[in-house]
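Visitor: I have a protein model open in front of me, and I would like to learn how to read it. Could you walk me through it, beginning with the contacts along the chain?

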Amino acid sequence: MIYDVHQGIDWIWAGIAIVWLLTALRLKRTVRAQSAGTRAQEIAAMVVAAWLLSHEGPHLMPLDRRILPGAEGCALAGLMATAAGALVAIVARMYLGANWSGRATIKEGHELIRWGPYALVRHPIYSGLLLAAAGTAIASGEIRSLLALPALLAAFGLKIRAEERLLSEAMGESYLAYRQAVRSAIIPFVL
């Protein structure tokens, strides 16, 4: 049963990747973007997180140690959290539409999205991806998978700072008002 859970989690992550690829086909033209150095740091942290989260590796004995119960209930809870996080990320991605980019950018005719999940947190795609990663880590239950979460938070922290700087510069008072209205960046009422 636990193998089926991991297979289900793999399908969820593949689904996220497919949605991202398909929706990236219709984007607005980029006007301004974050620096290549900051983007490289984000990507490095995301690659580390993905590597740690993958049940296919890294197989380094101390990191493979299971610290969460190996029961099916724990694996199923992880699967459900992964699915819920994927749903949040995909819905947020749909709300963002053609304004989305893999890197922090300002698009031609960029719109500030304030409705849907963006009324709860300023970066709901990251909220969903973080929940999905936490679910995957719970299903795995190993030290390495739990270490992926701080790496992912570091990557999102870098990207959030770059995005918010660009949005503040491009949208001025309207973005500052949005930040005042929606205080949480990733986790409602917490962070």
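Guide: Gladly! Please keep in mind that this is a predicted model. For contacts, look at how far apart in sequence the partners are. Among contacts in the protein chain with a separation of 6 or more, 83% are between residues 24 or more positions apart.

Visitor: How many helices and strands does the protein chain have?

Guide: There are six helices and two strands. To see their order, walk along the sequence: the pattern reads α-β-α-α-β-α-α-α.

Visitor: Next, overall size. What radius of gyration does the protein chain have?

Guide: The idea is to set the value beside the one for a compact globule. For 191 residues that would be near 16 Å, and the protein chain has 17 Å, which agrees. You can also picture a box along the principal axes: the C-alpha atoms fill one of roughly 50 × 35 × 30 Å.

Visitor: And what about the surface and the inside?

Guide: Start with burial, where the cut-off is under 20% relative accessible area. Buried residues make up 43% of the 191 in the protein chain. The accessible surface comes to about 9900 Å², and carbon and sulfur atoms hold 68% of that.

Visitor: How far apart are the mean positions of the positive and negative charges?

Guide: They are 9 Å apart, taken over 18 positive and 13 negative charges.

Visitor: Let's zoom in on one residue. Where is Q34 placed, and is Q34 buried or exposed?

Guide: Find the loop between β1 (30-33) and α2 (36-53); Q34 sits there. Q34 has a relative accessible area of 6%, so Q34 counts as buried because that value is under 20%.

Visitor: Which polar partners does the side chain of Q34 have?

Guide: For a polar side chain, check both side-chain and backbone atoms around it. The side chains of Q34 and E42 are joined by a polar contact of 2.7 Å. A polar atom of the Q34 side chain also lies 2.7 Å from the backbone nitrogen of A104. Leaving out residues up to four places away in sequence, Q34 touches R39, E42, R103, A104, A162 and L166.

Visitor: R39 is on that list. What does R39 touch in turn?

Guide: R39 lies in helix α2. With residues up to four places away again left out, R39 touches Q34, M46, G102, R103 and K159. For G102 there is a polar detail: its backbone oxygen lies 2.9 Å from a polar atom of the R39 side chain.

Methods: Residues are numbered from 1 along each chain as its sequence is written. This is a predicted model: local features need pLDDT of at least 70, side-chain atom pairs count only at pLDDT 80 or more; totals for chains, interfaces and linings use all residues. Side-chain values use heavy atoms; hydrogens and water are left out. Helices (H or I, at least four residues) and strands (E, at least two) are DSSP runs, numbered from the N terminus. The radius of gyration is taken over C-alpha atoms; the globule rule is 2.2 Å times the number of residues to the power 0.38. Buried means under 20% relative accessible area, exposed over 50%, partly exposed in between (1.4 Å probe, protein chains only). Contact means heavy atoms within 4.5 Å. Accessible areas come from the Shrake-Rupley method with a 1.4 Å probe; for residues, only the protein chains shown count as cover. Lys and Arg count as positive and Asp and Glu as negative; His and the chain ends are not counted. The place of a charge is taken as NZ of Lys, CZ of Arg, CG of Asp or CD of Glu. A polar contact is a pair of N or O atoms within 3.5 Å; within protein, one must be able to donate a hydrogen and the other to accept it, and residues adjacent in sequence count only if both atoms are side-chain atoms.
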